Amino acid sequence: MPAAPIPIPKHSPWTTQRLVIGALLKREVSTRFGEYRLGFFWLLVQPLIGVLVIGVLIGSIAQRTVPEIPYAFFLLNGYLLMNLLTGPMNKGINAIGANQGLLVYPSVRPLDTFIARFLFELLSIMFSFSVFCILGMFFGVFISLANLHIVLLCLVITWCIGCGLGLIFGVAAAYFNEVDKFVMILQRPLLFISAVLFPVSALPESAQRLLLYNPLVHTIEQSRHAIFPFYSAAGTDLIYPGVFAIVVLSIGLTLFHGNRDFLSQR
Amino acid sequence: MIEIRNLTKYYPVKNGLRYVLRDVSLTIPSRTNLAILGPNGAGKSTFLRMIGGEEPANSGTILTDEEISWPLGLTSGFQGSLTGRENILFVCRINGLNFDASRYVIRLVVDFAEIGEYFDMPVSTYSSGMRGRLSFGLSMAFKFDVYLIDELTSVGDTIFREKAKAAFEDIRKRGSLIYVSHNLKTLRQACQSALFMRDGMADFYPDIDDGIAAYKEYVRAHRNNSNPKRKALLDGDARSIAKLEKKERRKARRRRKKLENPTDGSPPRN
């Protein structure tokens, strides 16, 4: 070969990991959007379709329960936050399988594939969340920006729960093939028990008590309250989902660490 | 130099564990091209992946002061959904190459692989020869002390084989190879020493001819002797081969005759 090969530059482990996660993120973006003609636009179209379907089905009845918020925004908020939990959870299941070919390179560690996918979910949902907020303000919906830190906290907590579940199911999927089917069935009722369609306050007392065990209810209601101050999020707080997120994430990381040798072999 | 100390690797199988390496200690000297010999399933590819740092050992250590490549194989190294270019760029990115260096790498790979417009097609659409070209070209673009190669050239056409041979010559000037293959002729051409793996053991032979002799000895001992023709072929017994072939020809002639004049059992043709 006439041309001289180039030496591989040396980096610190921290830099290497950052480079790897960056490269995986870019790979995620190019495979996720490269095949669609709408590209990035798809990030906005997908939740809109979901909301449109639900809105047409039950919108006219359901919107009577939330006079404070335009029902479309009420739905969008819940839907996006729910996706922020189910997205990392579903993407974690085959994070390793989908990147198997790239794990040949010694600097690509299995955890990096998870981190890249999780980050991708967070960034994409944050992007569509802010676009819809800006669109809402443009069309004259009253949106408060005074409590943006609470909104951010709600998003991050929800995401952390999703990441923890993604890690747990990702490790489980390495042992049992059935995990993805199981998770698919498990998350089906999530739309109905997470206050995405109705506010919690519209439900009977006994149902409310049960529903409040779901951390997603807390973050969804709290974020609505932060964006639309007139909306009441009574009975919910951010302490419970915060603790829930820490516990789930710790379990996920511990499971991952304990099985890391098993996960990196074929 | 690669020093291997008390290395153990096993895989769980249906009833217990299957040992690929059982407490193996050996030293692979620098500047020698090493051929890895052994029957299927002896753990040659696993060994390569362990040296490459991809796969963890169950116990023991691998110590080295050399820059070792990732294992170059046909089945690994590329993500099928990405194009050849995207895969190459991925490797550039994880190694922190800047724009110019990445462009240089792409040029080297394009020149070596010669897969034309397929470079911008998903790798899953490649033939195995094209994958081999891309994989080989990619690692040749980087400077390593040791290149790990797993059965890569076996699928190549003549042009690729000649290129690979030239590249091996080139590597010999600046580093070394660890080469897994079943083609003893290529191994003998490219390598000086050998590692013979079987049944959880691995023996290092400084002279490749000794390694190949040991491997052939093993094959002879484990041969399935139930098929007389295969036995005769392997033993190189010309007389029995001739006898067996004569018998086969007779059988074939009888079969042909049967087809031409079908017996009463077969349905009548009209």
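A residue counts as buried when its relative accessible area is under 20%, and by that criterion 51% of the 266 residues of chain A are buried. The structure is a predicted model, in which chain A is built from 12 helices and one strand and shares with chain B a contact that buries about 3300 Å² between the two chains.

**Fold and dimensions of chain A**

- Read from the N terminus, chain A begins with its strand and then continues through its helices, in the order β-α-α-α-α-α-α-α-α-α-α-α-α.
- The radius of gyration of chain A is 20 Å, which agrees with the value near 18 Å that a compact globule of 266 residues would have.
- Taken along the principal axes, the box that the C-alpha atoms of chain A fill comes to roughly 75 × 40 × 30 Å.
- Among the contacts in chain A with a separation of 6 or more, 76% are accounted for by residues that lie 24 or more positions apart.

**Surface and charge of chain A**

- The area that chain A exposes is about 13100 Å², and carbon and sulfur atoms supply 71% of it.
- Chain A carries 16 positive and 11 negative charges, and the mean positions of these two groups are 9 Å apart.

**Contact between chain A and chain B**

- On the side of chain A the contact takes 34 residues, while chain B contributes 40 residues to it.
- Of the roughly 3300 Å² that the two chains bury between them, 62% lies on carbon and sulfur atoms.
- Within chain B, the residues that lose the most area to chain A are B:E54, B:F90 and B:I94, which together make up 20% of what that side buries.

**Backbone angles that stand out**

- Most residues other than glycine have a negative phi, which gives the background for the two residues described next.
- A:A195, a residue other than glycine, has a positive phi near 60 degrees, and its place is the loop of chain A between α8 (190–193) and α9 (205–211).
- With a relative accessible area of 4%, A:A195 is buried, because the cut-off for that class is under 20%.
- B:D23 is likewise not a glycine, yet has a positive phi of about 50 degrees, and this residue is found in strand β2 (residues 16–28) of chain B.
- The relative accessibility of B:D23 is 49%, so B:D23 counts as partly exposed, given that a residue is called exposed over 50%.

Key. Residues are numbered from 1 along each chain as its sequence is written. Chains are lettered from A and ligands numbered from 1 in the order in which they are written. This is a predicted model: local features need pLDDT of at least 70, side-chain atom pairs count only at pLDDT 80 or more; totals for chains, interfaces and linings use all residues. Side-chain values use heavy atoms; hydrogens and water are left out. Helices (H or I, at least four residues) and strands (E, at least two) are DSSP runs, numbered from the N terminus. The radius of gyration is taken over C-alpha atoms; the globule rule is 2.2 Å times the number of residues to the power 0.38. Buried means under 20% relative accessible area, exposed over 50%, partly exposed in between (1.4 Å probe, protein chains only). Contact means heavy atoms within 4.5 Å. Accessible areas come from the Shrake-Rupley method with a 1.4 Å probe; for residues, only the protein chains shown count as cover. Lys and Arg count as positive and Asp and Glu as negative; His and the chain ends are not counted. The place of a charge is taken as NZ of Lys, CZ of Arg, CG of Asp or CD of Glu. Buried area is the accessible area (1.4 Å probe) that two parts lose on being put together, summed over both.
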